[in-house]
Amino acid sequence: MGRRRTIKPELPRSEPEIIPPQRGRTQAYHSGPEWFSSGERGTSRVFVARFGPSWGVVGLVLLVGLVVGAVLAILLGALLIAIPVIGLLIAGALIANALRARFGRQR
């Protein structure tokens with residue numbers, strides 16, 4: 001087996017660009033942080049903002065709906081199991097009543 005060449009780590013093709021903060025900013029990151037990305041078409045900004053209170057209400061309504069749906073599914077499943085059980089109990093009671101009337105109590 002021949003000697004293998006050592007694998008050298010790949011060097012970065014360009015140095016990272018350090019972008020200083022804006023000078024005209026009066027409040028530090030009040031509306032959320034900013035990220036910059038540089039692509040083939042130039043530089044673009046991505047603004048990330050916090051959700052307002054209306055989105056919190058929407059999330060709460062969705063969570064309550066999810067819980068209500070799960071409880072409803074459990075109750076319907078229990079009902080689908082209970083219907084045949086109740087039917088078997090009624091059928092057993094009718095058969096027992098018919099057998100008791102037919103054979104009757106012998107005294």
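1. Buried here means under 20% relative accessible area, exposed over 50%, and partly exposed in between (1.4 Å probe, protein chains only). By that measure, buried residues are 2% of the 107 residues in the protein chain.

2. A word on the basis: this is a predicted model, where local features need pLDDT of at least 70, side-chain atom pairs count only at pLDDT 80 or more, and totals for chains, interfaces and linings use all residues. Residues are numbered from 1 along each chain as its sequence is written, and side-chain values use heavy atoms, with hydrogens and water left out.

3. The protein chain has 1 helix and 2 strands, in the order β-β-α along the sequence. Helices (H or I, at least four residues) and strands (E, at least two) are DSSP runs, numbered from the N terminus.

4. Helix α1 has 51 residues and spans 74 Å from its first C-alpha to its last, close to the 75 Å expected at 1.5 Å a residue; the expected span is 1.5 Å times one less than the number of residues. Glycine 104 follows α1, with a positive phi near 55 degrees.

5. Do have a look at the nonpolar surface patch of about 770 Å², made by Leu60, Leu63, Val64, Leu66, Val67, Val68, Val71 and Leu75. Patch residues have over 30% relative accessible area and no salt bridge (Lys or Arg side-chain nitrogen within 4 Å of an Asp or Glu carboxyl oxygen); like charges are joined within 9 Å, nonpolar side chains (Val, Leu, Ile, Met, Phe, Trp, Tyr) within 5 Å. Valine 71 sits in helix α1 (residues 53-103) and counts as partly exposed because its relative accessibility is 44%.

Terms used:
Areas by Shrake-Rupley, 256 points an atom, 1.4 Å probe, with all protein chains shown as cover.
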